[in-house]
Amino acid sequence: MAEPRAPPVLLSLLASSTANAATWKAESFSTEVQHVVTHLVDVILPASATPGALDVNVPQFIDKLYGNIFSTAEQQYFSAGATAFANRFKQVFQQPASDGTRDQFAQLLGGYFNLSTQGQDRIFEQQNNDLAEIDPEERDVYLIYKFLLAVRQNTLRGYFNSEKVGKEVLNYDPVPGRYDGCVPLADIGNAWTL
Amino acid sequence: MATSNSADPATLYDAIVIGTGISGGWAAKELCEQGLKTLVLERGPMVKHIEDYPTATKQRWDLEFGGRNTPAEAARQHKQARTGYVTSPFSKHWFVDDIKHPYSETKRFDWIRGYHVGGRSLTWGRQSYRWGDVDFTANKNDGHGVDWPIRYEDIAPWYDKVEEYIGVSGEKLGLPQLPDGKFCPPMELNCVERELQKTLADDFADRVLTIGRVANITGENTRPGRSPCQFRNKCMAGCPFGGYFSSNSSTLPAAERTGNMTLRINSVAHQIVYDESKGIATGVKVIDAQTKENFTYRARIIFCCASTMPTTSILMQSKSERFPNGLGNDSGELGHNVMDHHFRTGAAGIFDGHNDKYYRGRRPNGIYIPRFRNLNDETRQNNFVRGYGYQGGASRTNWTRAIREMSFGEQLKEELLKPGPWRMGLTAFGELLPYHANKITLDYDKLDEWGLPIIDFDVEYKENELEMRKDMQAQAIVMLSAAGFKDVRGYDQGSYPGLGIHEMGTARMGRDPKTSVLNAHNQSHAVPNVYVTDGSCMTSAACQNPSLTYMAITARAADHAAKRLAQGEIS
């Protein structure tokens with residue numbers, strides 16, 4: 001089944017929205033999680049000369065994955081991480097995450113993701129452990145990374161596997177008919193759609 | 001293909017073929033083309049070429065949830081999922097439900113099965129390599145297992161026949177350990193694969209890199225009902241062009257065209273009926289998979305092509321006063337000597353160069369580095385016998401290169417729309433020796449939904465395989481490093497028997513009825529109108545992918561059976 005397609009007007013609304021992202025009805029997400037995920041997705045892969053993640057309904061995709069594909073453990077981590085992230089948002093900005101703006105989410109996400117390579121490796125290593133193995137004082141941060149990394153990874157998946165990006169942005173050739181092993185990249189351009 | 005469930009218990013068929021996979025399809029074609037009225041039994045449902053390939057033209061965005069399985073789906077294919085790839089929504093319908101089709105594991109065995117018309121010929125890797133005399137003489141020369149009753153020259157003309165019919169693309173090399181065949185034009189190597197090829201040619205006198213030999217039609221060639229490969233690399237979904245060989249696209253339609261084939265689906269064969277007064281088999285007992293009704297079908301010859309484990313299970317279940325331990329099991333070897341290939345070790349590296357080059361098309365094939373160990377005195381190894389070959393390939397990385405990162409923003413997006421660095425990986429496939437202790441048994445305390453005993457696996461790698469694996473990894477690192485690859489990393493992900501999906505050996509051919517189950521023509525030593533031509537007949541495993549050899553052996557045995565029948569030597 002194809003991803004639900006939003007009409008162009010709605011897409012432009014989503015792309016430019018800064019305050020109220022709830023222009024679609026989530027299957028599983030709470031209003032707050034929907035708002036947070038929508039803004040994070042937009043920050044991770046924004047629209048520019050090429051479409052952004054909101055143009056191809058990535059928040060809707062992650063909502064569907066959460067409800068249908070995530071294991072119970074993955075759902076629990078995602079949900080607890082979203083709550084920890086929203087709490088952190090409130091501490092930093094003195095307002096609920098459900099009222100947050102794109103700029104505020106970009107600032108908060110940057111605080112977690114703009115790390116040295118060493119710092120990133122330490123986080124990825126820690127993420128391989130179960131919650132019970134994490135020092136109680138680090139659990140909130142651990143859960144926030146569970147949430148942010150799940151949003152980021154599934155933003156990439158949802159974006160690059162989308163029909164619009166696959167057909168209109170990447171190089172789409174469903175029936176190549178031949179294989180040439182060594183051709184100038186300039187003759188091809190963007191990466192092939194898988 | 002017409003489905004005919006009009007099989008008739010009152011008819012005496014010339015032949016019954018159990019199974020429709022890569023061996024069963026060939027048995028059906030050859031026997032029917034020789035004029036034999038043939039009943040073909042398939043335990044699963046019909047899969048018609050083209051019309052029953054539900055994902056053949058689907059893209060990832062056409063599948064719900066981006067082509068990922070729900071937890072409920074994953075739970076039903078827990079064991080099939082151990083491969084890491086077959087239960088993708090693009091191909092999961094070609095692999096069994098582990099709960100409906102249980103087996104048990106004294107030791108872990110990854111048994112990957114396809115129960116439907118065409119079997120695993122729909123999903124096979126299509127790599128098609130001849131075995132050489134070094135393989136057919138290996139057991140005799142180093143004393144492991146028993147001697148093959150055939151040599152390369154016995155099977156060579158049948159390789160010719162099979163390759164010409166199925167269409168195998170590849171390059172001739174003139175190597176004795178990997179004899180050349182009847183090839184369609186080779187597929188191209190890409191720029192980075194050519195770099196490694198050149199390094200091996202210049203600096204490694206014993207090694208050569210070639211494009212994989214693969215059962216995909218190339219060039220201007222066609223086959224009945226089949227057109228050349230379109231380079232979509234979606235073979236496992238089933239090919240609407242018939243670009244690669246499967247029973248569904250090729251041998252079963254050929255058998256049907258003769259008018260001699262009756263194909264009965266949903267037919268779980270479980271016993272071969274033995275007539276002690278005549279000393280021959282007279283038929284096959286079948287349970288209808290859906291109605292659970294019992295039938296016995298009669299025939300003058302029986303071809304067991306159910307795939308290695310099911311064929312062996314059927315023979316083991318065929319007990320009689322004469323054969324209390326399974327049909328034709330005077331040697332006690334039935335169910336023993338389980339083999340597969342061990343793999344999932346090698347190396348990968350990044351190539352710093354050719355960044356202005358790319359490729360066009362999705363090649364359903366990789367490279368091959370034929371065996372170079374233990375071929376002669378110069379290549380003799382102290383730590384292990386036999387050898388291995390490498391499969392692999394180079395490609396430019398895609399957006400998934402950024403999955404394990406924390407980058408974000410417009411720059412990330414624009415960067416990931418471009419192809420990433422070239423990466424090349426080599427995975428070695430090694431030979432597993434035939435050990436009597438590696439075996440399957442039937443567990444009559446655990447019955448499946450048809451009341452039949454389930455199979456228990458007791459198979460492991462031993463010292464020779466573990467020693468070989470060290471060299472498999474080390475030489476991959478050596479070759480990639482020599483070719484100037486950067487960040488070369490060896491790996492050994494651990495391999496379990498079965499994962500190679502090349503099960504073999506449980507009803508082996510041999511010269512002596514005391515130590516083997518089948519003779520040089522794949523006849524049961526003790527019941528000569530029963531032929532076994534799937535992987536269970538294999539006496540050793542070599543390191544090459546075995547399907548081409550199953551097909552050649554099947555065609556040879558079918559010719560033998562048809563001639564004996566015509567001459568009245570089989571009643």
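Buried area is the accessible area that two parts lose on being put together, summed over both. With that in hand, I opened this predicted model and went to the place where chain B meets chain A.

**Entry one: the extent of the contact.** I looked up the buried area first, and chain B and chain A bury about 5300 Å² between them. Carbon and sulfur atoms account for 61% of that area. Three residues caught my eye here: Trp61(B), Arg360(B) and Met406(B) supply 19% of what chain B buries against chain A, more than any other three residues. I then checked who takes part, and found 67 residues from chain A and 50 residues from chain B in the contact.

**Entry two: charges and polar pairs.** How many salt bridges are there between chain B and chain A? I found three. One I looked up by name joins Arg404(B) to Asp121(A), with the closest N and O atoms 3.8 Å apart. I also noted 24 residue pairs in polar contact across the interface.

**Entry three: the side of chain B that touches chain A.** Here I see that α6, β13 and α9 of chain B each supply at least two residues. The largest share, five residues, comes from α9(B). Sorting the residues on this side by kind, I get 20 nonpolar, 19 charged and 11 polar.

**Entry four: strands across the interface.** Which strand of chain A is joined to β13(B)? My note says β1 of chain A, residues 180–184, with three bridges and an antiparallel run. I followed one bridge to its ends: Asp180(A) has Arg360(B) as its partner in β13(B). I had already met Arg360(B) in my first entry, among the three residues that supply 19% of chain B's buried area.

Conventions: Residues are numbered from 1 along each chain as its sequence is written. Chains are lettered from A and ligands numbered from 1 in the order in which they are written. This is a predicted model: local features need pLDDT of at least 70, side-chain atom pairs count only at pLDDT 80 or more; totals for chains, interfaces and linings use all residues. Side-chain values use heavy atoms; hydrogens and water are left out. Contact means heavy atoms within 4.5 Å. Buried area is the accessible area (1.4 Å probe) that two parts lose on being put together, summed over both. A salt bridge is a side-chain nitrogen of Lys or Arg within 4 Å of a carboxyl oxygen of Asp or Glu. A polar contact is a pair of N or O atoms within 3.5 Å; within protein, one must be able to donate a hydrogen and the other to accept it, and residues adjacent in sequence count only if both atoms are side-chain atoms. Helices (H or I, at least four residues) and strands (E, at least two) are DSSP runs, numbered from the N terminus. Ala, Val, Leu, Ile, Met, Phe, Trp, Tyr, Cys and Pro count as nonpolar, Asp, Glu, Lys and Arg as charged, and the others, Gly among them, as polar. Two strands pair if DSSP finds at least two bridges between them.
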